[in-house]
Amino acid sequence: SDFITLGPVKLTFTSPNPRHHTLAFAQGRPGASGLQHLMFQVDDLDTVGRALDRVYDNKVPLQSGLGRHTNDHMVSFYCVSPSGLPIEYGWGGRSIDHSVHTTGHYDAASYWGHRDANGLTREQAAAEAQVAVRDQDKHARQQAKIAEADARLGRRQLFAHALLPHW
């Protein structure tokens, strides 16, 4: 059907029927290329709302809350199956007439919503992840400097102990 490019990640959407997509595949995500999610489309927005309530009530892991996509206009949310595969559950997606459809290219996943459990957009979550990695790297460098200083101090103490008379 179409593609969404989010930084280094390219999502490909496909369907064997007129529905915009059933499967989405990801490329460029380290360790996570391949099937990205499976989409279930229902015929009523209230069904989506009731399903989201069941997700909350049963503590099913929620990947992203309610939102509307740019490419298929679907109002949906994502939960995580027991196998770890994200499941999109939504309503109102576009239908595609493959005889006249032109493949679309998008650079944003959602018009609104689809925030994670912390209320962050995908872009905000990615930015926070980069900051966290940078902070971890900085912390690791600081710890290495402390360990190096401790080792130098330990060598100095051993050296001084060996040279100074014992009292």
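**Close-up views of a predicted model**

Residues 24 or more positions apart account for 46% of the contacts in the chain with a separation of 6 or more. Keep in mind throughout that this is a predicted model.

**Figure 1. The whole chain, for orientation.** Here's the layout before we zoom in: 2 helices and 9 strands. Reading from the N terminus, the order of elements is β-β-β-β-α-β-β-β-β-β-α. The chain has 167 residues, and 28% of them count as buried. About 10800 Å² of the chain is exposed, with carbon and sulfur atoms supplying 58% of that area.

**Figure 2. Strand β7 and its pairing partners.** Strand β7 spans residues 86-91 and is mostly covered, with 5 of its 6 residues buried. With β4 (residues 34-42), β7 pairs in the parallel sense, over 5 bridges. One place to look is E88 of β7, the bridge partner of M39. With β6, the pairing of β7 is antiparallel and runs over 6 bridges. On that side, G90 of β7 is the bridge partner of S76. The hairpin of β6 and β7 has 5 residues between the strands, and in this hairpin G84 takes a positive phi near 95°.

**Figure 3. S76 and its side-chain partners.** S76 sits in strand β6, which covers residues 75-80. Is S76 buried or exposed? It's buried: the relative accessible area of S76 is 0%, and the cut-off for calling a residue buried is under 20%. Two polar contacts of the S76 side chain are worth picking out. One goes to the side chain of E88, at 2.7 Å. The other joins S76 to the side chain of H114, at 3.0 Å. Leaving out residues up to four places away in sequence, S76 touches G65, L66, G67, H69, E88, Y89, G90 and H114. So E88 and G90 show up here as contacts of S76, and G90 is also its bridge partner in β7.

**Figure 4. H37 and its surroundings.** Swing over to strand β4, where H37 is located. H37 counts as buried, at 1% relative accessibility. Which side chains make polar contacts with H37? H21 is one, with a polar contact of 3.2 Å between the two side chains. Q36 is another, its side chain making a polar contact of 2.4 Å with that of H37. Setting aside neighbours within four places in sequence, H37 is in contact with F13, H21, T22, L23, A24, Y78, L85, P86 and E88. E88 is worth a second look: among the residues in contact with H37, E88 also makes the 2.7 Å polar contact with S76.

**Figure 5. A nonpolar patch on the surface.** Now for the outside of the model. L66, Y111 and W112 form a nonpolar patch, with about 330 Å² of accessible area together. W112 belongs to strand β9, residues 110-113. At 42% relative accessibility, W112 counts as partly exposed. L66 links this view to Figure 3, as one of the residues that S76 touches.

**Figure 6. The salt bridge between R94 and D2.** How many salt bridges does a search of the whole structure find? The answer is 1. R94 pairs with D2, and their closest N and O atoms are 3.8 Å apart. R94 lies in the loop between β7 and β8 (104-106), while D2 is in strand β1 (residues 2-6), so the pair ties together parts that are 92 residues apart in sequence. The two residues also differ in cover: R94 is partly exposed at 26% relative accessibility, whereas D2 is buried at 1%. As a rule, side chains of opposite charge can pair when their charged atoms come close.

**Figure 7. A125 in helix α2.** The last view goes to helix α2, residues 122-163, which holds A125. A125 has a relative accessible area of 26% and is partly exposed. Not counting residues up to four places away in sequence, A125 touches D116 and L120. For a distance check, try A125 and R115: they're 10 residues apart in sequence, with their C-alpha atoms 8.8 Å apart in space.

Note on methods:
Residues numbered from 1 in each chain as written. Predicted model: local features only at pLDDT ≥ 70, side-chain atom pairs only at ≥ 80, totals over all residues. Heavy atoms only, no water. Helix = DSSP H or I, 4+ residues; strand = E, 2+ residues; numbered from the N terminus. Buried < 20%, exposed > 50% of the residue type's maximum accessible area, 1.4 Å probe, protein only. Polar contact = N/O pair within 3.5 Å; in protein donor to acceptor, adjacent residues only side chain to side chain. Contact = heavy atoms within 4.5 Å. Patch = residues over 30% accessible without salt bridge, like charges linked within 9 Å, V, L, I, M, F, W, Y side chains within 5 Å. Areas by Shrake-Rupley, 256 points an atom, 1.4 Å probe, with all protein chains shown as cover. Salt bridge = Lys/Arg side-chain N within 4 Å of Asp/Glu carboxyl O. Pairing = 2+ DSSP bridges.
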